[in-house]
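Thanks for coming. I will take one chain today, starting from a single residue and then moving out to the fold.

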Amino acid sequence: WRSPTDAIEDFIRQGPLYQRLLLICPAPAIAEWMDKAQAIADQLGVGSILPQEMEEQMSKRIYHLYLPLYFWMRHQTLEKRSSRSEGGAVVFGVSAPQGFGKTTTMQLLEALFVADGFKVQAVSIDDFYLPATWQEEVANVYSDNALLQSRGNAGTHDIRLGTETLKALKSPEEGEVLVPCFDKSALNGRGDQVPNNRWTPVATPCDVVVLEGW
């Protein structure tokens, strides 16, 4: 007879990231896998944490993707913080194709970090798109380049703003950072940067900063 815990543990070990995780850090106890799986299931509205009682893709996302990724990021955070003398946030970038579910992944990672007592700030590369007037200028200057006629491709982001924001969020100093916001629905879907008096204020120092990329 195999208990539900045994079934979960067997399923965890089948994941493609499990052995990679073991190369970096000891495997967390099964009780922690189950506790965090329950937190994710609650957030996603999943009724059970038993793999055999979930849709296959959902069980794989929770046990083979979200949790190994989080445990790796948490270990890296603790390692980096212990080896640094100056402090400051550990910065991660999350990159994946469209349709992967990056925003959901970011929300889950943020919730897991917060539950473990970390101060975490998630930011999106989408919020660093050029303001509409700047984008129009880029489109006019490069009128022969179809990739630069609208936002979305390389060359349509405010690199300076993105760099400065990430550096400020990474700072070990106490302060406040205004994180930009881009409204994709503005100007009939062309999008525009939200006025800076509506940007999100974030208190520093942070423990973790996660950038949602492409």
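This is a predicted model. Let me begin with H75. At 19% relative accessibility, H75 counts as buried, because the cut-off for buried is under 20%. H75 is part of helix α4, which covers residues 56-83. What does H75 touch, leaving aside its neighbours within four places in sequence? The contacts are I24 and C25.

Next, Q135. This glutamine sits in helix α6, residues 132-141. Is Q135 buried or exposed? With a relative accessible area of 9%, Q135 is buried, since that value falls under 20%. The side chain of Q135 has a polar contact: it reaches the backbone oxygen of L148 at 3.0 Å. L148 also appears in the contact list of Q135, together with L130, Q149, S150, R151 and T156. That list does not count residues up to four places away in sequence.

Now the sheet. Three strands make an open sheet, and the order across it is β1-β7-β2, with parallel pairing. The edges are β1, at 90-94, and β2, at 120-124, each of which pairs on one side only. From one strand to the next, the twist averages 20 degrees.

Look at the pairing of β2 with β7, where β7 is residues 208-212. How many bridges join these two strands? There are 5, in the parallel sense. For a single position to find on screen, take Q121, which stands opposite V209 in β7.

Back out to the whole chain. The protein chain has 7 helices and 7 strands. Along the sequence, the pattern reads α-α-α-α-β-α-β-α-α-β-β-β-β-β. So that you can set the view, the C-alpha atoms fill a box of roughly 70 × 40 × 30 Å along the principal axes.

Then the totals. The protein chain has 214 residues, of which 42% count as buried. H75 and Q135 both carry that label. Taking contacts between residues at least 6 apart in sequence, 70% join residues at least 24 apart. As for the surface, the chain exposes about 12,000 Å², and carbon and sulfur atoms supply 51% of that area.

To recap: H75 in α4 is in contact with I24 and C25, Q135 in α6 reaches the backbone oxygen of L148, and the open sheet runs β1-β7-β2. That is what I have; questions are welcome.

Note on methods:
Residues numbered from 1 in each chain as written. Predicted model: local features only at pLDDT ≥ 70, side-chain atom pairs only at ≥ 80, totals over all residues. Heavy atoms only, no water. Helix = DSSP H or I, 4+ residues; strand = E, 2+ residues; numbered from the N terminus. Buried < 20%, exposed > 50% of the residue type's maximum accessible area, 1.4 Å probe, protein only. Polar contact = N/O pair within 3.5 Å; in protein donor to acceptor, adjacent residues only side chain to side chain. Contact = heavy atoms within 4.5 Å. Pairing = 2+ DSSP bridges. Axes fitted to C-alpha atoms, helices over the stretch in contact; angles between N-to-C directions. Areas by Shrake-Rupley, 256 points an atom, 1.4 Å probe, with all protein chains shown as cover.
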